[in-house]
Amino acid sequence: MTYRVLPTSTGYEEEGKASWYGEEFHGRRTSSGEPYDMHAMTGAHRTLPLPTYVEVTNLENGRRAVIRINDRGPFKSDRILDVSHAAAVKLGLVGPGTARVRVRALEPAAR
């Protein structure tokens with residue numbers, strides 16, 4: 001699958017379906033080159049620059065999490081985001097497996 005990465009995450013916001021990935025990927029190399037850590041607050045997105053921090057809101061239960069995008073995916077066309085197991089726990093995705101979410105890029109703090 002080929003991705004066209006956005007030149008910047010500025011102003012990025014999107015709603016769609018998210019899922020999570022866990023133990024079977026733990027320790028495998030991510031697109032950023034670092035090993036996947038299912039206990040870290042990370043995620044996979046098709047087009048956001050690596051790394052980008054995003055606020056993810058589960059629109060079904062209102063739970064929120066800030067995660068760092070460090071991987072590419074998801075590989076199912078009806079999904080916009082895959083999150084780590086730790087993020088899935090915080091967002092309440094583990095039981096249902098997927099949920100409708102809002103993803104909003106966070107701007108770096110001014111120095």
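The exercises below, each with a worked solution, concern a pocket and a group of aromatic rings in a predicted model.

**Exercise 1.** Describe the largest pocket by its space, its lining and the residues that lie nearest its centre.

*Solution.* Begin with the space, which for the largest pocket comes to about 230 Å³. Next, turn to the lining, which is made up of 15 residues, and note that Tyr21, Phe25, Asp71, Arg72 and Phe75 lie nearest the centre. Then sort the lining by character, which gives six nonpolar, four polar and five charged residues. Finally, look for the element that gives the most to this lining: it is strand 1 (residues 13–21), with three residues.

**Exercise 2.** Classify the two aromatic pairs of the structure from the angles between their planes.

*Solution.* Take Tyr21 and Phe25, whose ring centres lie 5.6 Å apart with 75° between the planes; because an angle over 60 degrees counts as edge-to-face, this pair is edge-to-face. Then take Tyr21 and Tyr36, at 4.5 Å centre to centre and 15° between the planes; because planes under 30 degrees apart count as stacked, this pair is stacked. The stacked pair links distant parts of the chain, since Tyr21 belongs to strand 1 while Tyr36 lies in the loop between strand 1 and strand 2 (42–44), 15 residues apart. Taken together, Tyr21, Phe25 and Tyr36 form one aromatic cluster.

**Exercise 3.** Decide whether Tyr21 and Phe25 are buried, partly exposed or exposed.

*Solution.* Tyr21 has a relative accessible area of 9%, so Tyr21 is buried, given that buried means under 20%. Phe25 has a relative accessible area of 30% and is therefore partly exposed, a class that lies between 20% and 50%. As a last step, add that Tyr36, like Tyr21, is buried.

Note on methods. Residues numbered from 1 in each chain as written. Predicted model: local features only at pLDDT ≥ 70, side-chain atom pairs only at ≥ 80, totals over all residues. Heavy atoms only, no water. 1 Å grid on protein atoms, 1.4 Å probe; cavity = no way out; pocket = protein on both sides within 12 Å on 5 of 7 lines; lining within 4 Å. Points joined across faces, edges and corners; volume = space filled by probe spheres on them. Helix = DSSP H or I, 4+ residues; strand = E, 2+ residues; numbered from the N terminus. Nonpolar A, V, L, I, M, F, W, Y, C, P; charged D, E, K, R; others polar. Phe/Tyr/Trp six-rings, centres within 6.5 Å; stacked < 30°, edge-to-face > 60°. Buried < 20%, exposed > 50% of the residue type's maximum accessible area, 1.4 Å probe, protein only.
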